[in-house]
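These are my notebook entries on a structure I was asked to look through. I record what I looked up, entry by entry.

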Amino acid sequence: MPELPEVETAKNGIEPYLKGFIIERIVVRQPKLRWQVSEKLSEISQQKVTALSRRAKYLIIHIEQGYIIGHLGMSGSVRIVPHDSPVDKHDHVDIVMNNGKLLRYNDPRRFGAWLWTDNLAQFPLFAKLGPEPLSDEFNGAYLFEKSRKKTTALKTFIMDNNIAVGVGNIYANESLFLCGLHPLKIANTLTLTQCELLVDTIKQVLSTAIAQGGTTLKDFLQPDGRPGYFAQELLVYGRKAQPCLKCGYPIESLVIGQRNSFCCPHCQIR
DNA sequence: CAGAGCTCCTGAATGC
DNA sequence: TGCATTCAGGAGCTCT
């Protein structure tokens, strides 16, 4: 499932094939994704891609008139393929470029989205998003302040997009394990020092993953079609009943906010 | 307002 | 072997 590092990797991977080139047309085979695909996309023709960017896990393709906004959901991927590449099952959207290539979006579970706006600043989905996790705005003091009135589980808190974007389930589990904080710890019991440690850990985990090109999980393909990889083994995620890599105690799994969670009850303090 | 639960969807895993 | 059931999961939305 694409997390922030995967989206960043995808953005960087597709950029050389899009930026500076002209979109000839956009083919929508399946408009029923998480939301109906913007009808505007089918009308786009002969527009240059001026830039690519990312906000949270949204991919933003800047074109001469407006912005195409994509989200990979949990099973989506984008690849660059030749114009004559045969269409596979779940290939829902093609952005056809004038360089012989096209950006092909495939998404078995259709949790993704492809939208259009002419005003990024007022794009409703971006209105309430918290800071980017790798920005300076996301720091210990910020997290401490935000946590003061929060009685939710720490794991739910750091995955809340209003607090900070892009901390998905896997990286939330990994970050909490690394800094020794229990996922069920109540958010407002964090000390400033713990907030600083947690922020530093999240930044480190995400930037390491970005540097390595994303996590290998069954659904993700990099833009050129090769599987992604995550050289650094996951330390707790998916390791139920296996020995904790720090102390050997069996890793526990629990459900927090409808999300599968993993922790070492011995190393991670409430 | 905060927090809990619901929802979209399909492939993989599990159950008999 | 095969069919039926269960479950995961991002994140906005609805309800309490």
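**Entry 1: DNA strand C**

I began with Tyr 58, where an N or O atom of the side chain is 3.0 Å from a phosphate oxygen of DNA strand C. I note at the outset that the model is predicted.

I then looked for other polar contacts to this strand. Tyr 237 places a polar side-chain atom 2.4 Å from a phosphate oxygen of DNA strand C. For Arg 34, I found a polar side-chain atom 2.9 Å from a sugar or linking oxygen of DNA strand C.

Which residues come nearest to DNA strand C? Among the 16 residues around the strand, they are His 71, Met 74, Arg 109, Tyr 237 and Arg 259. Tyr 237 is thus listed among the nearest residues and also has a polar side-chain atom 2.4 Å from a phosphate oxygen.

I sorted the surface near DNA strand C by class and obtained 7 nonpolar, 5 polar and 4 charged residues. Of the strand's atoms within 4 Å of the protein, 52% belong to sugar or phosphate, and the rest belong to bases.

**Entry 2: DNA strand B**

I repeated the search for DNA strand B. The residues around this strand include Lys 89, His 90, Pro 108, Phe 111, Lys 149, Thr 152 and Gln 258. Arg 109 is also one of the residues around DNA strand B, and it was listed among those nearest to DNA strand C. Of the atoms of DNA strand B that come within 4 Å of the protein, sugar and phosphate account for 67%.

Which polar side-chain atom lies 2.5 Å from a phosphate oxygen of DNA strand B? I found that it belongs to Thr 151. Arg 110 has a polar side-chain atom 3.0 Å from a phosphate oxygen of this strand, and for Lys 150 the corresponding distance to a phosphate oxygen is 3.4 Å.

By class, I recorded 2 nonpolar, 4 polar and 5 charged residues on the surface near DNA strand B.

**Entry 3: Domains**

I checked how chain A is divided, and found domain 1 at 4-126 and domain 2 at 140-263. The C-alpha centres of domain 1 and domain 2 are 28 Å apart.

**Entry 4: Aromatic rings**

How many aromatic pairs does the structure hold? I counted 5. One of them joins Tyr 105 and Trp 114 edge-to-face, at 5.4 Å centre to centre with 70° between the planes. The pair is classed as edge-to-face because its planes are over 60 degrees apart.

Is Tyr 105 buried or exposed? Tyr 105 counts as buried because its relative accessibility is 1%. Trp 114 is also buried, with a relative accessible area of 1%.

I returned to Tyr 58 and found that ring pairs link it with Phe 123 and Phe 126 into a cluster.

I also looked for charges over rings. The charged end of Lys 40 sits over the ring of Trp 116, 4.7 Å from the ring centre. The charged end of Lys 246 sits over the ring of Phe 177, and here the distance to the centre is 4.7 Å.

**Entry 5: Cysteines**

I searched the whole structure for disulfides and found 0. For Cys 179, the nearest cysteine sulfur is that of Cys 195, 10.0 Å away. Cys 179 counts as buried, at 11% relative accessibility.

Why is Cys 267 in no disulfide? The nearest cysteine sulfur, that of Cys 247, is 3.7 Å away, and a disulfide requires sulfur atoms within 2.5 Å, so the pair does not qualify.

Methods:
Residues are numbered from 1 along each chain as its sequence is written. Chains are lettered from A and ligands numbered from 1 in the order in which they are written. This is a predicted model: local features need pLDDT of at least 70, side-chain atom pairs count only at pLDDT 80 or more; totals for chains, interfaces and linings use all residues. Side-chain values use heavy atoms; hydrogens and water are left out. Domain bounds come from an automatic or database domain assignment. Rings of Phe, Tyr and Trp (its six-membered ring) pair if their centres lie within 6.5 Å; planes under 30 degrees apart count as stacked, over 60 as edge-to-face and the rest as tilted. Buried means under 20% relative accessible area, exposed over 50%, partly exposed in between (1.4 Å probe, protein chains only). A charge sits over a ring if NZ of Lys or CZ of Arg is within 6 Å of the ring centre and within 35 degrees of the ring normal. A residue is near a molecule or strand if one of its heavy atoms lies within 4 Å of it. A polar contact is a pair of N or O atoms within 3.5 Å; within protein, one must be able to donate a hydrogen and the other to accept it, and residues adjacent in sequence count only if both atoms are side-chain atoms. Ala, Val, Leu, Ile, Met, Phe, Trp, Tyr, Cys and Pro count as nonpolar, Asp, Glu, Lys and Arg as charged, and the others, Gly among them, as polar.
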